[in-house]
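Visitor: I should like to take a close look at a single part of this protein, namely its aromatic residues and the interior around them. Please guide me through that part in some detail.

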Amino acid sequence: MLRVRNGEQLERQLMTSDGQEAQIAFNRPGNTTAYSANQVVGSTASGVFEIVTSGEANTSLFVTNARLKMLRSGIPSGYSSMRVHWFNEAPSGLTDGAALVITSGDASKYKGYSDLFGTVDAGQMIFSQGTLLNKQILLKGSSIWAAFTPNTGFTPASGTAYRVEFDYFVV
């Protein structure tokens, strides 16, 4: 692949793989406080998660697919799907249970969102996915950050484990 910036050839990059996968795992807090739509679902420590990639500053990451696995039995009451909010630098003030608010200081870091639909009860795992996301993010370093919000309110189970997987290419 030929990379060009402002009309100048920078380098030739050969794609040598079929893409890569990044993963996040976290447990939500040990309570059953209900979430409203657009409230951040996170851990006790944070509501935003860093995803270390193989990219470099001033290259783009192209996210193709995402999978959310909620490790519990039964779809939570009221739950429909989850939304992933993308950032190319760590945003401030996002904590579990807080309304997602993109401050003016974080507006330039915010790169949009992707919906994860198709929620399936797979026994002891609830599964949602987003395919063909086509989300391109210009990197400031080797990481991107993600925050998760439900599209509808739901009552969670205490300490539920989440695993999120992202497929991507560096372009």
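**Aromatic residues in the interior**

Guide: Y35 is buried, and F154 is buried as well. These two residues form an aromatic pair, with 5.3 Å from centre to centre and 35° between the planes, and the pair is tilted. Y35 belongs to the loop between β3 and β4, whereas F154 belongs to the loop between β10 and β11, so that 119 residues separate them along the chain and the pair links distant parts of it. Please bear in mind that the model is predicted.

A pair of aromatic rings is described by two quantities, the distance of the centres and the angle of the planes. In total, there are eight aromatic pairs in this model. Another of them joins F26 and F148: the ring centres are 6.1 Å apart and the planes meet at 20°, and because planes under 30 degrees apart count as stacked, this pair is stacked. This pair, too, links distant parts of the chain, with F26 in strand β3 and F148 in strand β10, 122 residues apart. F26 has a relative accessibility of 6% and therefore counts as buried; F148 is also buried, with a relative accessible area of 1%. Together with F49 and Y162, F26 and F148 form one aromatic cluster.

Let us now widen the view to the nonpolar interior. In soluble globular proteins, nonpolar side chains tend to be buried together. The largest nonpolar core here has 30 residues, and those that touch the most other members are I24, I51, W86, F148, Y162 and F166. Two or more residues of this core come from each of the strands β3, β4, β5, β6, β10 and β11. A second, separate core has seven residues, among them V40, V48, L94 and W145.

F166 repays a closer look. Beyond its neighbours within four places in sequence, F166 is in contact with residues including I24, I51, V84, W86, A146 and F148. Its contacts also include Q20, E21 and N65.

One further aromatic ring has a charged partner: R83 lies over the face of Y113, at 4.1 Å from the ring centre.

Finally, these details may be placed within the whole chain. The protein chain has 11 strands and zero helices. Of its 171 residues, 43% count as buried. Among contacts with a separation of 6 or more, 81% are between residues 24 or more positions apart. The chain exposes about 8300 Å², of which carbon and sulfur atoms supply 48%.

Methods
Residues numbered from 1 in each chain as written. Predicted model: local features only at pLDDT ≥ 70, side-chain atom pairs only at ≥ 80, totals over all residues. Heavy atoms only, no water. Core = buried A, V, L, I, M, F, W, Y, C linked by side-chain atoms within 4.5 Å. Buried < 20%, exposed > 50% of the residue type's maximum accessible area, 1.4 Å probe, protein only. Helix = DSSP H or I, 4+ residues; strand = E, 2+ residues; numbered from the N terminus. Contact = heavy atoms within 4.5 Å. Areas by Shrake-Rupley, 256 points an atom, 1.4 Å probe, with all protein chains shown as cover. Phe/Tyr/Trp six-rings, centres within 6.5 Å; stacked < 30°, edge-to-face > 60°. Lys NZ or Arg CZ within 6 Å of the ring centre and 35° of its normal.
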